[in-house]
Amino acid sequence: MLSGLVRSPCPLCSGTRSRPETKIAGYQLEKCCDCGLVFMNPRCTAKHLEDIYTVRDEQALIELYRRIATP
């Protein structure tokens, strides 16, 4: 599992049963078996999001967005 990610229940119904749906840019999307919502799981921790959005180096940001946008 990637650093900064944690497994979580469905953000809509809190269901704990989900199945893999697809992967985008290395992130797994799962579909909730209870309500049908498709969501990222594992999800980013608050610290991981803070680290992503506080990057100030322009080249590092370009590289981050390239990795996210490239399937």
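**Strands, cysteines and a patch: questions about a predicted model**

Reader: Which residue stands opposite Ile 24 in β3?
Author: Tyr 27 is the partner of Ile 24 there. Keep in mind that this is a predicted model. Elsewhere along β3, Cys 32 stands opposite Ser 18.

Reader: What makes β2 and β3 a pair?
Author: Pairing takes at least two bridges between two strands. Strand β2 (residues 18-24) and strand β3 (residues 27-32) are joined by six bridges, so they count as paired. The two run antiparallel. They also form a hairpin, with two residues between the strands. In that turn, Ala 25 has a positive phi of about 50°.

Reader: And what makes β3 and β4 a pair?
Author: Here three bridges do the joining, and the cut-off is at least two, so β3 and β4 pair as well. They run antiparallel, and Lys 31 stands opposite Val 38 in β4. The hairpin of β3 and β4 has five residues between the strands, with Gly 36 at a positive phi near 90°.

Reader: Why are β2 and β4 called edge strands?
Author: Take the sheet itself: it is open, with three strands in the order β2-β3-β4 and antiparallel pairing. Both β2 and β4 (38-40) pair on one side only, and that makes them the edges. From one strand to the next, the twist averages 35°.

Reader: Now the cysteines. How many disulfides does the structure hold?
Author: Zero. Cys 13 is worth a look: the nearest cysteine sulfur to it belongs to Cys 32 and is 3.6 Å away. A disulfide needs the two sulfur atoms within 2.5 Å, so Cys 13 is in no disulfide.

Reader: Why is Cys 44 in no bond with the closest cysteine?
Author: That closest cysteine sulfur, in Cys 10, is 17 Å from the sulfur of Cys 44, which is too far for a bond.

Reader: What makes Cys 13 and Cys 44 buried, partly exposed or exposed?
Author: Buried means under 20% relative accessible area and exposed means over 50%, with partly exposed in between. Cys 13 has 35% and Cys 44 has 23%, so each counts as partly exposed.

Reader: How do you know whether Glu 58 is buried or exposed?
Author: Glu 58, which has its place in helix α2, comes out at 59% relative accessibility. The exposed class begins over 50%, so Glu 58 counts as exposed. As for where Glu 58 sits relative to Ile 24, they are 34 residues apart in sequence, and 24 Å apart in space, C-alpha to C-alpha.

Reader: Which residues make the nonpolar surface patch?
Author: Leu 49, Tyr 53, Tyr 65 and Ile 68 make it, over about 440 Å². The elements giving two or more residues to this patch are α1 (46-53) and α2 (58-69).

Reader: Why does Ile 68 count as partly exposed, and what lets it into a patch?
Author: Ile 68 lies in helix α2 and has 41% relative accessibility. That falls between the 20% and 50% limits, so Ile 68 counts as partly exposed. Patch residues need over 30% relative accessible area, and Ile 68, at 41%, clears that bar.

Notes:
Residues numbered from 1 in each chain as written. Predicted model: local features only at pLDDT ≥ 70, side-chain atom pairs only at ≥ 80, totals over all residues. Heavy atoms only, no water. Patch = residues over 30% accessible without salt bridge, like charges linked within 9 Å, V, L, I, M, F, W, Y side chains within 5 Å. Areas by Shrake-Rupley, 256 points an atom, 1.4 Å probe, with all protein chains shown as cover. Salt bridge = Lys/Arg side-chain N within 4 Å of Asp/Glu carboxyl O. Helix = DSSP H or I, 4+ residues; strand = E, 2+ residues; numbered from the N terminus. Buried < 20%, exposed > 50% of the residue type's maximum accessible area, 1.4 Å probe, protein only. Axes fitted to C-alpha atoms, helices over the stretch in contact; angles between N-to-C directions.
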